[in-house]
Each structure stands twice: as C-alpha cells, then as structure tokens.
Number of protein chains: 2
Amino acid sequence: MNMNIPALNTKIGDKCADCPIHHRAVCAYCEKSELMLLETMKSYSSYAAGDTIIMAGDNMKFVGSVVTGVASLSQTMEDGRRQMVGLLLPSDFVGRPGREFASFDVVATTPVTLCKFERIPFEKMLKSTPQLRERMLEMVLDELDAAREWMLLLGRKTAREKIASLLMIIGKRQNSLSPFDINTSMKFELSLTREAMADYLGLTLETVSRQINALKKDGVIELEKKRHVIVKNFNRLLDETGDDGDGGYVT
Amino acid sequence: MNMNIPALNTKIGDKCADCPIHHRAVCAYCEKSELMLLETMKSYSSYAAGDTIIMAGDNMKFVGSVVTGVASLSQTMEDGRRQMVGLLLPSDFVGRPGREFASFDVVATTPVTLCKFERIPFEKMLKSTPQLRERMLEMVLDELDAAREWMLLLGRKTAREKIASLLMIIGKRQNSLSPFDINTSMKFELSLTREAMADYLGLTLETVSRQINALKKDGVIELEKKRHVIVKNFNRLLDETGDDGDGGYVT
DNA sequence: CGAACGGTTGATTTGTATCAAGAATCGTGG
DNA sequence: CCACGATTCTTGATACAAATCAACCGTTCG
C-alpha cells in the first residue's frame, strides 16, 4: 500500500555509544574500534506506520536494527492469506546476512527508526569479527526458540489462549519483566491493530475482537481506548495462555 | 514412554572424513585438524524408534548431529496437546549451544544414529573455530526460515494444503531436488505415523488420514503400503500446497 | 491366539470463519 | 471547530472445516 518514504536521516546521535539499544542489538559485544567500523557503514532511516520497509523478493542492500517502533515480518499467499512470522521490537535485527533476496515482507506497524548497515560490508565484518558473529548467533538462536513457541501457539492453542499469549508476550517485553516477577500488575500499549493481531495469531480480526472483549468481560484484562491494556492479575492472564509458566519468551 | 537404550556405540567408521553427512553437518567447513579435535569429543549412539533422546528440561550433556534416521523436536502442553516444531533428518543439528537445559523433546521417529559431542568442549571449540561457527550460523538461519514457512502453514493453510506441503517437503528432501527439477516424478518413504504427521501439522490423526486418502482418490498421489508415496506429477502436488513454487525448503 | 498398534471411515459437534451491518475513532480540510 | 470520509472495531447470524466420539479393520508380535 505505502511506498518507502524518502527516509529522512534522523539523528539519534550518530555515535553508537549513545544508542539506546546498544546493549541488546547485534552490536552489543562490539568494542570501540569495531563500533567505529560499524559507524562507517551505517545510516538511520525513519518509516511511517504502514510503510513497507522491505518486500519479499527485494534485493537486500542493507540489514539493520530496529531502534524505535514496532515492525512486523510477514508472509502472504497468492490469494491474500497473510501470516506474521515475527514481531520486530527495538533492538531486533532486520534482514538475513548471506541472503541476497528478502524472503519476507517487513512492514512498519508504528513509526519506525532503523539503524541500517550496508549488507556487503556488514557481511564482511561479520566474517572477521567474532564478537559480532557471536551476538548474531545468540540472537538467531533466540529467534528460533521464539518461532518454535509460536508454532505451538499456531498449531494447538485456542483463540482465547492465542490472545492471552500475545498479550503476555507484548506485556512482558514492554515491561521488561523476568519470568519471576509474576505477581506484578502491568499496563501496556498494544501497538497492533486487531487485523495485525489476527495475522500474528492465525485468526480473523472478528475473532480477535470477540476474544479480547471476552477476556475483558471475564475480568482478565481491562481496556482503555481499545489499545491500552491493564492487567491487574498477572497470574490470571498466565493461566489463560495454556502455558505452564516457566515457558519461553522473556528476553 | 521409552527410555534411552544404553546406546550401543556403533561404529559408522570413527573417522569424520568417512562420515556420510560430513559435507552437510555442522562440521562441513572444518579442516582436518579441526575434525581431529572434534573426534576427541565425539561418540556415536543409536536409538530405537520411539525412544526419547532428550526430554524438555534435561540438563544437556551433549549436542550432536543426526547421522541416520529421523527424529522429531516437539513441545507438549500440560493437557497433552502436542506440536512438533522440527523434523530432524540426517545432517541436522541437535541441541542448542549456550543452553544448559533442553527446551524441547527430541524423540526418535525411526531408528536413529546420533553423532554426539560433549557440550562444554563443543561450545569452547565453537568460540575458537570460525569455520564451525560460520556453519552453525548458516544452519540456524536456515532452520529459522523453515520455522517461519511452517508458521504460515500452521496459521493459514487448510488441512489439505498442510498435507500436500508436508509430502512436498519430505519428498524434496529425500530426493534432494532443487526447486527447479519440477517436472520429475518422485517416490519416497513417509517415515512418520499419521499421528506424528498430525502433531507436525497441527491436525488430528483422523483428519490426516482423511486428507491423505482424499489426495489419493483425486489422483494427486499414489500409495503403496500406507507409508510409501509415489508422486507422478510433481506440479500437481505443488499446486495443492498453496505455495507459489519458488518457496522455501530446498536444502 | 489375543493384545496392541496403526490406520480407516462414519456420525455428530463445535470453534472459528464468513458475511453483514453498524458504531466508534481518527485525521483532514474547509 | 465541526463535518466528512476513512479506518478500526464491535456485534450478530449463519456456514463450514476440522475436531471429537465411536466403531471397526488389518498387521504385527509376544
């Protein structure tokens, strides 16, 4: 629908050292000299909500990190059925080194700032920089685990459990909760439309709407303005996910 | 159900150089001296069909490669719902370096031979051997792509499309077809029970049985002895998957 | 032989999709 | 600031694909 906006080069502060996601992104283990090398190949771009950042099949000229905002990774079938396969939050990596053409669409869900690295130089650096490769491997392994949790959700959970799980993941990550801060209450902004949630969960938007309202009616969650969620009883929501509590996604 | 069988140390030929999966496994890029180092930490184990190789929560004393046979990676919910999240074929890697406890169950679907590496020495070697880490990263990235294709299948495909996709994947991989050998016919052994297929596809075994027989009745596939599949018209099967043909899994 | 397992097939139920209409919210320009 | 059109969301009625429940068949194996 939307094309890339010319990409106003925002300055988050061009120094990697000042970067808000520095300690969690691919570059987390890099030393000063390596960060300086990264700075030579990097640039920032901003995208408006709804912009397509990368289209499946595109020749990838860059890879990068999400600095602010939320983007989604998704796949579309010829007849329009769509499945989200990744939710990209700040510090998440975008693109696949060693691959020339993109396999998935990347779309900005909210306004997004991306820290981009030219792909070829980045790949070279990846080869020669153990710190970078180590972090990369770690991140990919985490993503793989997350993808596998997601497969359980898609294949076996009910609509209600899917919604509860999604709220759980977004809530936990936005509040940076560890799996043991269980008795807290939490609030968070659900920066996805019902349709985006449906694409994520393998449901229709109507079912998403109904199940969210059912959880609300049952007192599991409270809503302000459709997108702002309040969870008074964390454990109550956890029960609804069908998980056994220890599980998965903390990050 | 089954426990590990004492693990008869089979000799596939203790030399890595003679190993049938040597060119595709984690060790693919290793040089002679590195292979020799690997040999110091490796051992072979065999498992009977149905054996649990690793249980979720186990303390991982080893990682390794599937040498022969088929194993599955799966997750089970408290109430027994199960979802397979990976199919491990010869040359696939088992275990996650950098993780002490297993997140998923690994079960032998057919008799399996595993080439095991002690985890701690292997992790050390991973840190110090770029060749090994590079291959590891490549393999994990491929798995991640496969997991994401699988998410589309689980979230959005119909039962019939799911079955067709599974047949496609197993057939392609067993026949080592590239995405362009499209007009060939192929035969292959389906080494999964209907139940295992159901767990893989997020279906019930009854639905799997019905859909396989429907594909047979419609002339898309032929069956010999329930598990041996013949695909005369590759494109016909491809159409049934809902994919656009270029897609995914070749390997 | 009988038990256990894997597979098929039928009848029925059910969760979610689909179709449809309308309400709430947002953004934009007059 | 209000009016508008466009999104986004909700809610209801209905349809349908797959799950569930159930019976039965064929093999294998102790």
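Val63(A) stands opposite Phe117(A), a residue of strand 8 of chain A. That pairing is a good place to start a walk through this structure. The model is predicted, so local features need pLDDT of at least 70 and side-chain atom pairs count only at pLDDT 80 or more, while totals for chains, interfaces and linings use all residues. Residues are numbered from 1 along each chain as its sequence is written, chains are lettered from A and ligands numbered from 1 in the order in which they are written, and side-chain values use heavy atoms, leaving out hydrogens and water.

**Chain A in outline**

Chain A holds 7 helices and 11 strands. Here helices (H or I, at least four residues) and strands (E, at least two) are DSSP runs, numbered from the N terminus. Of the 251 residues in chain A, 54% are buried. Buried means under 20% relative accessible area, exposed means over 50%, and partly exposed lies in between, using a 1.4 Å probe and protein chains only. Among the contacts in chain A with a separation of 6 or more, 74% are between residues 24 or more positions apart; a contact means heavy atoms within 4.5 Å.

**Strand 8 and its partners**

Back to the opening pair. Strand 8 of chain A covers residues 112-118, and 6 of its 7 residues are buried. Two strands count as paired if DSSP finds at least two bridges between them. Strand 3 (residues 62-68) of chain A runs antiparallel to strand 8 of chain A, and 6 bridges join them. Strand 1 (residues 42-47) of chain A also pairs with strand 8 of chain A in the antiparallel sense, over 6 bridges. In that pairing, Tyr47(A) has Val112(A) as its bridge partner. As background, strands of a sheet pair through backbone hydrogen bonds, either parallel or antiparallel.

**An open sheet with a helix from chain B**

In chain A, 4 strands form an open antiparallel sheet in the order 2-7-4-5. Why do strand 2 (52-54) and strand 5 (82-88) of chain A each have one side without a neighbour in the sheet? Both stand at the edges, each with a single partner strand, so one side of each is left free of a neighbour in the sheet. Neighbouring strands of this sheet are turned by 35 degrees against each other on average, direction ignored. Strand 2 of chain A pairs with strand 7 (residues 105-108) of chain A over 2 bridges in the antiparallel sense, and Ile54(A) stands opposite Val106(A) of strand 7.

Helix 3 (residues 130-156) of chain B packs on this sheet, touching strand 4 (71-76) and strand 5 of chain A. The direction of this helix makes about 130 degrees with that of strand 5 of chain A. For such angles, axes are lines fitted to C-alpha atoms, for helices over the stretch in contact, and the values run from 0 to 180 degrees between N-to-C directions.

**Two residues to look up**

Arg96(A) sits in the loop between strand 6 (93-94) and strand 7 of chain A. Arg96(A) is buried, with a relative accessible area of 14%. Leaving aside neighbours within four places in sequence, Arg96(A) is in contact with Val63(A), Glu138(B), Leu141(B), Asp142(B) and Asp145(B).

Glu189(A) belongs to strand 9 (residues 186-189) of chain A and counts as partly exposed at 38% relative accessibility. Among the contacts of Glu189(A) beyond four places in sequence are Ile170(A) and Arg227(A). Ile170(A) and Glu189(A) are 19 residues apart in sequence and 8.6 Å apart in space, C-alpha to C-alpha.

**Around DNA strand C**

DNA strand C is surrounded by 17 residues, the closest being Ala159(A), Thr207(A), Arg194(B), Ser209(B) and Arg227(B). A residue is near a molecule or strand if one of its heavy atoms lies within 4 Å of it. Sugar and phosphate make up 61% of the atoms of DNA strand C that come within 4 Å of the protein. Helix 6 of chain B gives the largest share of the surface near DNA strand C, 5 residues.

The table lists polar contacts, which are pairs of N or O atoms within 3.5 Å; within protein, one must be able to donate a hydrogen and the other to accept it, and residues adjacent in sequence count only if both atoms are side-chain atoms.

| Side chain | Partner | Distance |
|---|---|---|
| Glu206(A) | base nitrogen of DNA strand C | 3.2 Å |
| Arg194(B) | phosphate oxygen of DNA strand C | 2.7 Å |
| Arg210(B) | base nitrogen of DNA strand C | 2.9 Å |
| Arg96(A) | side chain of Asp145(B) | 3.1 Å |
| Glu189(A) | side chain of His228(A) | 2.6 Å |
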